[in-house]
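Me: I would like to go through the terms used for this model one by one, asking each time what justifies the word. Please set each value against its definition before you conclude.

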Amino acid sequence: MKESLAKNIDEFILSQTPDLVEKLSILRNVIKEVCPEAEESISYMMPAFKYKKKPLCYFGVFKTHIGFFPTAAPIAFYQKELKDLKCSKGTVQIPFSIDLPLELIKKLVAYRMNSI
């Protein structure tokens with residue numbers, strides 16, 4: 001992951017390459033579309049979103065992918081729809097080479113939001 005000393009999500013996004021600025025801006029907007037009340041911050045040196053003071057999701061930039069962290073439960077629930085992406089307990093890896101799976105991201109965020 002590119003080491004980020006960003007103080008806010010705008011700085012984090014603008015510190016990336018132009019193609020990633022666009023993707024990360026879209027990702028941020030989708031999260032806010034699903035959960036307009038989400039509070040933004042930087043946590044673990046990544047953009048973080050909280051809902052009702054609890055972690056909603058995070059995202060980060062790594063060598064070959066965007067890491068999306070909606071916590072473990074949404075990933076387990078949507079594991080069949082996530083079969084084409086590399087996942088671990090709490091992480092979905094979205095390769096730079098593909099478009100963001102926006103509808104799936106919306107489902108993951110909504111699931112997490114509803115579980116809080």
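**Terms and their grounds**

Me: Lys53 sits in the loop between β2 and β3 (54-61). Why is Lys53 called exposed?

Reply: A residue is exposed when its relative accessible area is over 50%, buried when it is under 20%, and partly exposed in between, with a 1.4 Å probe and protein chains only. Lys53 has a relative accessible area of 69%, and therefore counts as exposed. The model is a predicted one, in which local features need pLDDT of at least 70 and side-chain atom pairs count only at pLDDT 80 or more, while totals for chains, interfaces and linings use all residues. Residues are numbered from 1 along each chain as its sequence is written, and side-chain values use heavy atoms, with hydrogens and water left out.

Me: What is noted about the backbone of Lys53, and which other residue that is not a glycine has a positive phi?

Reply: Phi of Lys53 is near 70°, which is positive although the residue is not glycine. Tyr44, likewise not a glycine, has a positive phi of about 55°; Tyr44 is placed in the loop between β1 (39-43) and β2 (46-51). Its relative accessibility is 63%, and so Tyr44 counts as exposed.

Me: How do you know how many helices and strands to count?

Reply: Helices are DSSP runs of H or I with at least four residues, and strands are runs of E with at least two, numbered from the N terminus. On that basis the protein has four helices and six strands, which follow one another along the sequence as α-α-β-β-β-β-α-β-β-α. The radius of gyration, taken over C-alpha atoms, is compared with a globule rule of 2.2 Å times the number of residues to the power 0.38. The value for this protein is 13 Å, close to the 13 Å that the rule gives for 116 residues, so the protein is as compact as a globular protein of that length.

Me: What makes the six strands one sheet, and in which order do they lie?

Reply: Two strands are said to pair if DSSP finds at least two bridges between them. The six strands form an open sheet in the order β1-β2-β3-β4-β6-β5, with antiparallel pairing. In this sheet β1 and β5 are the edge strands, since each pairs on one side only. β4 (residues 65-69) and β6 are antiparallel over four bridges, and β3 and β4 are also antiparallel, joined by four bridges. For β5 (residues 86-87) and β6, again antiparallel, the number is two, and the definition asks for at least two, so this pair qualifies.

Me: Which residues are bridge partners on the two sides of β4?

Reply: Towards β3, Val61 is matched with Ile66 and Gly60 with Gly67, and a hairpin of three residues connects the two strands. Towards β6, Ile66 is matched with Ile94 and His65 with Pro95. At the far side of β6, Lys86 has Gln93 as its bridge partner, and β5 and β6 form a hairpin with four residues between them.

Me: Why is Gly67 called buried, and how much of β4 is covered?

Reply: Gly67, in strand β4, has a relative accessibility of 0%, and therefore counts as buried. Five of the five residues of β4 are buried: His65, Gly67 and Phe69 cover one side, and Ile66 and Phe68 the other. β6 (residues 92-95) presents a contrast, for Val92 and Ile94 point to one face and are buried, whereas Gln93 and Pro95 point to the other and are not.

Me: What makes a residue a contact of Gly67 or of Thr91?

Reply: Contact means heavy atoms within 4.5 Å. Leaving out residues up to four places away in sequence, Gly67 touches Tyr58, Phe59, Gly60, Phe62 and Val92. Thr91 belongs to the loop between β5 and β6; with neighbours within four places again set aside, Thr91 is in contact with Phe68, Phe69, Ile75 and Lys86. At 16% relative accessibility, Thr91 is therefore counted as buried.

Me: What do these terms give for the whole protein?

Reply: Of its 116 residues, 42% count as buried. Of the contacts between residues at least 6 apart in sequence, 52% join residues at least 24 apart.
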